[in-house]
Amino acid sequence: MPYSIETTALTKVYHKKAVVDRLDLRVESGSFYGFLGPNGAGKSTTIKMLTGLIAPDGGEARLLGLRLDRKPLDIKRRIGVVPEDLCLFENLTAMEYLVFVARMYRMPRNTAYRRAEELLDWLGLDENPKALTLEFSHGMKKKLSLAAAVIHDPELIFLDEPFEGIDAIAARTIRTALARMVQRGATIFLTSHILEIVEKLCTHVGIIHQGRLVTQGTLAEVSGGAGLEEVFVSAVGRTEDTAAGLSWLGGAGA
Ligand SMILES: Nc1ncnc2c1ncn2[C@@H]1O[C@H](COP(=O)(O)OP(=O)(O)OP(=O)(O)O)[C@@H](O)[C@H]1O
Ligand SMILES: [Mg+2]
């Protein structure tokens, strides 16, 4: 199967405006796809549609070869997601939460505990086993959310800004783990504003702007000789020095 994600004219409308506008994504199986775009471009809305959190208003999507509208449960069993708005059950410990998630995927109890233990150790979340997740810092919640997204060894993983609020050491651990997951054959679809990370990790890149896909392809194809930042800035059309408009900073309008 060549594509893990294939969308045709996928569309979401809010207040009569297409915030995701006839999107044709092609994410090759086994690729590490970086989905880039400025704030409000439609990245999270796309992920929410693809993971079944919200319904599209138009178009079609196939994940792992299955139609999203026809086989949502079969798809959900085989994917993992770190959503933009983390939704953890706050009155559980990290271990309880992970085992709960694993059991939802019908994992045997022993395997669930073993994997949860390994994940908590790997992410350094095992220091205070009695802490409830409501006591966790933002970065700790993000790491726990990542652990929950991969505990059932999914074939396709959606990560909506997994590095946001994560310290440098943890970011490195996560980068290594994600690269290993791809090496084992998983496909990763990630959004991030940190272009250096995308350049380091991703094999493929797509840029979305105002709901429309501006470009997609291999990292080399998209970034060309220019580098990703140059391509990104010119794709989203904000090349001017915007600070020049701030009169109180002594810009051009002062
Ligand atoms: N529930 C909603 N109701 C109305 N408008 C929404 C809703 N969710 C998103 N939008 C709008 O859709 C557009 C795309 O939002 P989205 O969250 O997908 O952007 P994004 O690319 O993820 O941005 P960011 O980089 O800031 O996370 C924005 O204009 C946003 O205001
Ligand atoms: Mg977002």
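Start by selecting Leu64, which sits in the loop between β5 (58-63) and β6 (66-67). The model is predicted. Leu64 has a positive phi of about 50 degrees although it is not a glycine. For context, most residues other than glycine have a negative phi. Is Leu64 buried, exposed or partly exposed? With 19 C-beta neighbours inside 10 Å, Leu64 counts as partly exposed, because the buried class begins at 20.

Next, go to Lys16, in the loop between β1 (3-14) and β2 (17-23). Lys16 is another non-glycine residue with a positive phi, here about 65 degrees. Lys16 is exposed: 5 other C-beta atoms lie within 10 Å.

**Ligand 1**

Now select ligand 1 and the residues around it. These are Tyr14, Val19, Gly37, Asn39, Gly40, Ala41, Gly42, Lys43, Ser44 and Thr45. By class, the shell holds six polar, three nonpolar and one charged residues. Which element gives the largest share of this shell? Helix α1 (residues 43-50) does, with three residues.

**Strand β10 and its partners**

Colour strand β10 (residues 204-209). Five of its six residues are buried, so the strand is largely enclosed by the rest of the structure. Add strand β4 (residues 32-36), which pairs with β10 in the parallel sense over four bridges. To find the register, pick Tyr33; its bridge partner in β10 is His204.

Then add strand β11 (residues 212-218). In what sense do β10 and β11 pair? The pairing is antiparallel, over six bridges. His204 serves as a marker here too, standing opposite Thr218 in β11. β10 and β11 form a hairpin with two residues between them. In the turn, look at Gln210, which has a positive phi of about 50 degrees.

**Helix α9**

Select helix α9 (residues 228-236) and show the side chains of Leu228, Val231 and Phe232, its buried residues. Look down the helix axis: the buried residues fall within an arc of 100 degrees, so they line one face of α9. The spacing fits a general rule: an α-helix has 3.6 residues a turn, so residues three or four places apart point the same way. What do the buried residues of α9 pack against? They pack against β4 and β10, along with α7 (195-201) and α8 (219-223). Just after the helix, Gly237 takes a positive phi of about 70 degrees.

**Helix α3 and the core**

Move to helix α3 (residues 94-104). Its buried residues are Ala94, Tyr97, Leu98, Val99, Val101 and Ala102. To see part of what covers them, display α4 (109-122) and α5 (138-150). After α3 comes Arg106, with a positive phi near 65 degrees.

Keep Leu98 selected and add Ile188. Within the largest nonpolar core, which has 63 residues, Leu98 and Ile188 are those with the most contacts. α3 gives the most to this core, with six residues.

Finish at Ile188. Which residues is Ile188 in contact with, leaving aside neighbours within four places in sequence? Select Phe32, Tyr33, Ile157, Leu159, Leu178, Met181 and Val182 to show them. Tyr33 has come up before, as the bridge partner of His204 in β10.

Methods:
Residues are numbered from 1 along each chain as its sequence is written. Chains are lettered from A and ligands numbered from 1 in the order in which they are written. This is a predicted model: local features need pLDDT of at least 70, side-chain atom pairs count only at pLDDT 80 or more; totals for chains, interfaces and linings use all residues. A residue is buried if 20 or more other C-beta atoms lie within 10 Å of its own, exposed if 12 or fewer, and partly exposed in between; C-beta atoms are placed from the backbone. Two strands pair if DSSP finds at least two bridges between them. A residue is near a molecule or strand if its C-beta atom, placed from the backbone, lies within 6 Å of it. Ala, Val, Leu, Ile, Met, Phe, Trp, Tyr, Cys and Pro count as nonpolar, Asp, Glu, Lys and Arg as charged, and the others, Gly among them, as polar. Two residues are in contact if their C-beta atoms, placed from the backbone, lie within 7 Å. A nonpolar core is a set of buried Ala, Val, Leu, Ile, Met, Phe, Trp, Tyr and Cys residues joined through C-beta atoms within 7 Å. The arc is that of the directions from the helix axis to the C-beta atoms.
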